[in-house]
Amino acid sequence: MEFLSQPLARRRSVPVKVGPVTVGGDAPVAVQSMTNTDTADIEATVAQVAALARAGSELVRITVDRDEAAAAVPHIRDRLMLKNIDVPLIGDFHYIGHKLLADHPACAEALAKYRINPGNVGFKAKKDKQFSQIIEMAMRYDKPVRIGVNWGSLDQELLTRLMDENAASPAPLEARAVMREAIIQSGLLSGARAEDLGLGRDKIILSAKVSNVQDLIGVYCDLAGRCDYALHLGLTEAGMGSKGIVASSASMGILLQQGIGDTIRISLTPEPGGDRTREVQVAQELLQTMGFRAFVPVVAACPGCGRTTSTVFQELAQDIEGHIRDSMPAWREQYPGVEALTVAVMGCIVNGPGESKHANIGISLPGTGETPAAPIFVDGEKVATLRGPNIADDFKDMVLDYIEKRYGQGSGYAAQKVSADVA
């Protein structure tokens, strides 16, 4: 068996501009999220979009389900701009999107992209007319669209036709396979119809969301081989907590490794009162741990064992990781390139020194029965040994000092980074 040490070559897709963000082509895989506020509540929606953007969401989708929501969209956009938050807003339309866009031109203009669900854009004789109206609005305002198929709201006419054809076949497929084909065809047929109406391929993104891991992998592998549209990945209704994280990471990790996917969303059900930005953090961690992008410095920490009965290393790793994530919105501007930093916080002498040498800066804390001393390694070299009750605080100060010296505006690294960005 041959094992892959690198991801397969990225599937070549047509790039799509969504405001200042490019999705597809050679652009990095973009992270997006969605609000769960009532869009008509301007203050709450602005606050959540701002939080998602500050957490690193590069596109944010909002529900546009009625007149009050559509009327609120331009005000939400304007208030975000006053906060210097230029994140593209995506309008999520179901059932009456054609009417809302026509009745609220300011909304149509303010949104950076429209999301259409071919399963409920219209029914029977009205389907093509209402789909066409949204596409025509997209062309009028020069907006891209995501044609988002979801198996929970799949086009029943298409599914019934494919099921009937399959039943009459001499070698019928399983119902699940027909369902997958219906999902794929719904997206491809809708994309082709949008092109027939005059919308360019550089304005179309497809998604085909299901809630089962193996189905998601199968659908997207097939879809990717049958078109060059940019693809949005997401496991719909992924669930809550670790279940949602594991299911999303398992399915999308496999697809990303195969070069499939241009933008992703981790659709987590938040805990009651939970932080909506968690889905952004998980998406970033998925892309970063797979080596596709760097968003925040990585803190490596051992899992602990009988040698590490002290909780000092756990608390220190948690403190540093929390401080880094909280500081990143400011650090991105203050310390260019800091997202590539690696920090090691180890709990005993077994792997501590070696892991610390691999990091930019690392500490090997004393384990049970070890000498109460903590060697510090910077870029592979031992530079100090910390002792006493303030080891944790002293190391945090050393991490911040390292960041300032390496990534501060006066550092050679920062100058090279700025020069490369300008070039």
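This briefing walks through the confidence, the two sheets and three helix pairs of the structure above. It's a predicted model, and the chain averages a pLDDT of 92, with 95% of the residues scoring at least 70. On the strand side, there's a barrel closed by eight strands plus an open sheet of five strands. On the helix side, the crossings of H1 with H2, H6 with H7 and H7 with H8 are right-handed.

**Confidence**

- One stretch to handle with care is residues 417-423, where the pLDDT is below 50.
- Beyond near neighbours in sequence, residues 417-423 have four contacts in the model.
- Where pLDDT is low, predicted coordinates shouldn't be read in detail.

**The barrel**

- Going around the barrel, the strand order is S3-S4-S5-S6-S7-S8-S9-S11, and the pairing is parallel.
- Zooming in on one pair, strand S7 (residues 145-150) and strand S8 (residues 204-209) run parallel and are joined by six bridges.
- If you want a specific bridge to look at, Arg146 has Ile205 of S8 as its partner.
- Helix H8 (residues 213-226) packs on this sheet, where it touches S8 and strand S9 (230-233).
- The direction of H8 makes about 150° with that of S8.

**The open sheet**

- Here the order is S13-S14-S15-S16-S17, and the pairing is mixed.
- Strand S13 (298-301) and strand S17 (381-387) sit at the edges, each pairing on one side only.
- From one strand to the next, the twist averages 15°.
- Strand S15 (residues 361-364) and strand S16 (residues 373-378) run antiparallel, with three bridges between them.
- Within that pairing, Ile361 stands opposite Val378 in S16.
- Val378 also has a bridge partner in S17, namely Glu381.
- S16 and S17 pair in the antiparallel sense, over six bridges.
- These two strands, S16 and S17, form a hairpin with two residues between them.
- In that turn, Asp379 has a positive phi of about 50°.

**H1 against H2**

- Helix H1 (residues 42-55) packs on helix H2 (residues 67-82) at an angle of about 50°, and their axes are 10 Å apart.
- That angle makes H1 oblique to H2, and the crossing is right-handed.
- H1 brings Ile42, Glu43, Thr45, Val46, Val49 and Ala50 to the contact, while H2 brings Ala72, His75, Ile76, Arg79 and Leu80.
- Sorted by class, the H1 and H2 contact has seven nonpolar, two polar and two charged residues.

**H6 against H7**

- The axes of helix H6 (residues 156-168) and helix H7 (residues 175-196) cross at roughly 135° and come within 9 Å.
- H6 is therefore oblique to H7, and this crossing is right-handed.
- From H6, the contact uses Leu158, Leu159, Arg161, Leu162, Met163 and Asn166.
- Facing them in H7 are Ala175, Val178, Met179, Glu181, Ala182, Gln185, Ser186 and Leu189.
- The class breakdown for H6 with H7 is nine nonpolar, three polar and two charged residues.

**H7 against H8**

- H7 also packs with H8: their axes come within 10 Å and cross at roughly 45°.
- With that angle, H7 counts as oblique to H8, and the crossing is right-handed.
- The H7 residues in this contact are Arg176, Arg180, Glu181, Ile183, Ile184, Gln185 and Leu188.
- On the H8 side, they meet Gln214, Asp215, Gly218, Val219, Asp222, Leu223 and Arg226.
- By class, the contact of H7 with H8 divides into five nonpolar, three polar and six charged residues.
- Glu181 and Gln185 of H7 turn up in the contact with H6 as well as in the contact with H8.

Methods. Residues are numbered from 1 along each chain as its sequence is written. This is a predicted model: local features need pLDDT of at least 70, side-chain atom pairs count only at pLDDT 80 or more; totals for chains, interfaces and linings use all residues. Side-chain values use heavy atoms; hydrogens and water are left out. pLDDT is the predictor's confidence in each residue, from 0 to 100. Contact means heavy atoms within 4.5 Å. Axes are lines fitted to C-alpha atoms, for helices over the stretch in contact, and angles run from 0 to 180 degrees between N-to-C directions. Helices (H or I, at least four residues) and strands (E, at least two) are DSSP runs, numbered from the N terminus. Angles under 35 degrees count as roughly parallel, over 145 as roughly antiparallel, 65 to 115 as roughly perpendicular and the rest as oblique. A crossing is left-handed if the near helix is turned anticlockwise from the far one by less than a right angle, and right-handed if clockwise. Ala, Val, Leu, Ile, Met, Phe, Trp, Tyr, Cys and Pro count as nonpolar, Asp, Glu, Lys and Arg as charged, and the others, Gly among them, as polar. Two strands pair if DSSP finds at least two bridges between them.
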